[in-house]
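Student: I would like to go through this structure step by step. Can we start once it is in view?

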Amino acid sequence: MSSKQQIEFLVKLRDALSMAAEATNDYIETFAPKEAKEEKTAVTEETFNILKFESQQGAKIGAYEVAYKAANLPDKWNSAYNILTKNNATIQNRYLGTSYQFSYWLYGSDKIYRQIRKQAGET
């Protein structure tokens with residue numbers, strides 16, 4: 001077997017093993033409890049706490065806060081906004097971790113919303 005054939009074989013073997021590892025990880029994920037998956041993806045709440053929030057009051061949802069893009073440092077605001085966008089955070093599907101004091105979501109443009117959690121496990 002020539003060195004070229006050996007390299008081709010090793011590349012194919014590497015790629016096949018990589019695909020097998022990825023498939024195995026996907027299969028393992030199907031057995032993980034929902035709570036473990038959520039906590040694994042949550043960043044520290046400090047990512048959001050460094051933003052400047054303004055208090056608001058809504059007739060339906062009560063007290064909440066809004067961080068406006070224009071009132072925050074661009075890099076800090078964009079980082080938090082991108083996390084919420086990536087996780088499709090809406091008022092019905094809020095972004096939070098198990099130790100978070102607040103839940104976070106997006107609505108409209110250039111605004112990040114948050115609301116204090118009433119009880120552990122509640123959004």
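Student: Which residue in β4 does W105 stand opposite?

Tutor: This is a predicted model, where local features need pLDDT of at least 70, side-chain atom pairs count only at pLDDT 80 or more, and totals for chains, interfaces and linings use all residues. Residues are numbered from 1 along each chain as its sequence is written, and side-chain values use heavy atoms, with hydrogens and water left out. Strands here are DSSP runs of E with at least two residues, and helices are runs of H or I with at least four, both numbered from the N terminus. Opposite W105, in β4, stands Y113.

Student: How many bridges pair strand β3 with β4?

Tutor: Two strands pair if DSSP finds at least two bridges between them. Strand β3 covers residues 102-106, and its pairing with β4 is antiparallel. In the hairpin of these strands, four residues lie between them, and G108 takes a positive phi near 75 degrees. The number of bridges between β3 and β4 is five.

Student: What is the bridge partner of E65 in β4?

Tutor: Strand β2 holds residues 62-68, and β4 holds residues 111-116. The two run antiparallel and are joined by four bridges. For E65, the partner in β4 is R114.

Student: Which strands stand at the edges of the sheet?

Tutor: Strands of a sheet pair through backbone hydrogen bonds, either parallel or antiparallel. This sheet is open, with four strands in the order β1-β2-β4-β3 and antiparallel pairing. An edge strand here has a single partner, so one side is left without a neighbour in the sheet. The edge strands are β1 (54-58) and β3.

Student: By what angle are neighbouring strands of this sheet turned against each other on average?

Tutor: Axes are lines fitted to C-alpha atoms, for helices over the stretch in contact, and angles run from 0 to 180 degrees between N-to-C directions. For this average, direction is ignored. The value is 35 degrees.

Student: Which element gives the largest share of the largest nonpolar core?

Tutor: A nonpolar core is a set of buried Ala, Val, Leu, Ile, Met, Phe, Trp, Tyr and Cys residues joined through side-chain atoms within 4.5 Å. Buried means under 20% relative accessible area, exposed over 50%, partly exposed in between (1.4 Å probe, protein chains only). The largest core has 16 residues, and F48, L51, L84, Y95, Y104 and I112 touch the most other members. Two elements, α4 (74-86) and β3, give two or more residues to this core, and the largest share, four residues, comes from α4.

Student: How are the rings of W77 and Y81 arranged, stacked or edge-to-face?

Tutor: Rings of Phe, Tyr and Trp (its six-membered ring) pair if their centres lie within 6.5 Å; planes under 30 degrees apart count as stacked, over 60 as edge-to-face and the rest as tilted. W77 and Y81 are four residues apart in helix α4, about one helical turn. W77 is buried at 1% relative accessibility, while Y81 is partly exposed at 23%. Their ring centres are 4.7 Å apart and their planes are at 20 degrees, so the pair is stacked.

Student: What is the distance, centre to centre, between the rings of Y95 and Y100?

Tutor: Both residues are buried. They belong to one aromatic cluster with F48, F53, F102 and Y104. Their planes are 65 degrees apart, an edge-to-face pair, and the centre-to-centre distance is 6.2 Å.

Student: How far is the charged end of R114 from the ring centre of F53?

Tutor: A charge sits over a ring if NZ of Lys or CZ of Arg is within 6 Å of the ring centre and within 35 degrees of the ring normal. R114 also lies over the face of F102, at 3.9 Å from the ring centre. For F53, the distance is 4.0 Å.

Student: Which residues does K69 touch, not counting residues up to four places away in sequence?

Tutor: K69 is in the loop between β2 and α4, and is partly exposed at 37%. Contact means heavy atoms within 4.5 Å. The residues touched by K69 beyond those four places are W77, N78 and D110.
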